[in-house]
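Visitor: Hi, could you walk me through the cysteines and the empty spaces in this one?
Guide: Happy to, let's have a look together.

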Amino acid sequence: MATEEHDLLHGGSLDHLQRRFPAAPRPWLDLSTGISPYPYPLPQLPPALWQRLPDAALEEAAREAAAGFMGADPMQLVFTAGSQAGISLLPGLLAGSSGALSVAIIRPTYSEHARAWRHAGARVLQVADLEAALDARAEIICLVNPNNPDARRWPQAQVLAAAHAQAARGGWLIVDEAFADFHPECSVAGCVASHPALIVLRSFGKTFGLAGLRLGALLGAPAILAAARHRQGPWPVAGPALEIARQAYTDTAWFTTARQRVLTQARGLRHLLEQAGLEIEGDVGLFVTARGAQAARTWDGLAHRGVYVRRFAEDRARLRFGLPPDQAAAQRLATALTHSIQEQTG
C-alpha cells in the first residue's frame, strides 16, 4: 500500500505522516487514535514478573478484576493480546472450516471486522443499522457499540433483543465494546451468561491509555472460550500486563476521575471544533467525530502544521479527533484549524 494511503486504514501511523510531511513542525500532535491521553500510572512491578511465565493464579486474579469492572462473570471471560486479537480469533471460532457463513456488519465501523471475516471466506454484508442486520438474516451480526467512527450508540435493551433473535435462529451477535468503558449503560458484557448467542469484545488499552500492553478480553459461552484458549495456546498475555490490569481494574478512584476528565475534555473538544465551523457527528469521550465539506483539505492543512487526525477513505467529509492531552495541545489544534480553514476561504 502506498505510504500516502496508509493512514486511511488506521490512526497511529505517525512514522508515515512524518515521511510524507517532512517540513511539518516537530513534535507532532498525534490525535489520530481513540487512546486516552491520560494513562494509568504504571506501578512498580516485582522483577520476577518479567523473568517468569505468567502463572494461573495471576491470570485468575486479573480475570476476576476485569470481570468485576465489567459487571460480568469471570468464568465467561478470557484474555486476548488486545481486542484486535479477539477480532482475528472469532472467524476461526465460529466458522470453523466453513466459508459459507454470512456476516452482517453495521457500517461505517472499524474495518478490521470485515477484513477478518473476508479472510476466513465468509460473505460479508455491509448494512446501515441493527434492524437491517436482523432483516438480512445473517448467521452472524457484528456491532460496534459505541461505534467507531460515527459514535452511534445502541441501548442495551435493543442489543439484547437482537441477541435473543440471533439465538432463535441459531446465529451469533458479536458486540465490540472497545469504547464502552465510559458508557456502561450501553454495555452487555454482564449479560453474556444469560444470552448464549452473545459474544463481547473489550479493550483495556484505550480506556487506561496503555495500548502498548496489548490486552483485551473476549466474553462468551463456555464452548467459545474453551476454543479461544485452545487457539491462543498458553500464555497469550504477558505477566506484567496481567498485573497492571489487575491493579487498574480495581482502582475505582482513578477510573472515576479519569472518566470525568475524559468526558469534560470531550465537551471542550466539541466546542473547539464547532467554533472552527465543523459539524459534530458524535463523540464517545475518547474521540470526537466531525464533518465538513472541505474536510480533506482541512486534514491536509493540519498535517502540514504537524497535527495528525483521522481521515476515512469511504467518507472524505469525516474527520475524527482524539483528545488533546492538555490546554497547550488544544490551543495548537485550534490555531492549526483556524489557519487551515482560512487558507480554504482565502
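Visitor: Why is there no bond between the sulfur of cysteine 191 and the closest cysteine sulfur?
Guide: That closest sulfur belongs to cysteine 186 and is 12 Å away, too far for a bond. A disulfide here means a pair of cysteine sulfur atoms within 2.5 Å. Keep in mind that this is a predicted model, where local features need pLDDT of at least 70, side-chain atom pairs count only at pLDDT 80 or more, and totals for chains, interfaces and linings use all residues. Residues are numbered from 1 along each chain as its sequence is written, and side-chain values use heavy atoms, with hydrogens and water left out.

Visitor: Is cysteine 191 buried or exposed?
Guide: Buried, with 15% relative accessibility. The classes are buried under 20% relative accessible area, exposed over 50%, and partly exposed in between, using a 1.4 Å probe and protein chains only.

Visitor: How many disulfides are there in the structure?
Guide: The count is 0. Cysteine 142 is in none either, and its nearest cysteine sulfur, in cysteine 186, sits 16 Å away. Cysteine 142 is also buried, at 2% relative accessibility.

Visitor: Switching to pockets: what volume does the largest pocket have?
Guide: About 850 Å³. On a 1 Å grid over the protein atoms alone, a pocket is an open set of points with protein on both sides within 12 Å along at least five of seven lines, while a cavity is a set where a 1.4 Å probe fits but cannot get out; lining residues have an atom within 4 Å of a point. Points are joined across faces, edges and corners, and the volume is the space filled by probe spheres set on them.

Visitor: Which residues lie nearest the centre of the largest pocket?
Guide: Leu9, His10, Tyr110, Asn148 and Arg310, out of 40 lining residues. The lining splits into 18 nonpolar, 13 polar and 9 charged. Nonpolar covers Ala, Val, Leu, Ile, Met, Phe, Trp, Tyr, Cys and Pro, charged covers Asp, Glu, Lys and Arg, and the others, Gly among them, are polar.

Visitor: Which element gives the largest share of that pocket's lining?
Guide: α5, with 3 residues. Helices (H or I, at least four residues) and strands (E, at least two) are DSSP runs, numbered from the N terminus.

Visitor: And how many cavities of 30 Å³ or more are there?
Guide: There is 1, holding about 50 Å³ of space. Its lining is Ala295, Ala296, Trp299, Arg311, Phe312, Arg316, Arg318 and Leu319. Two or more of these residues come from each of α13 (295-304) and β13 (318-322).
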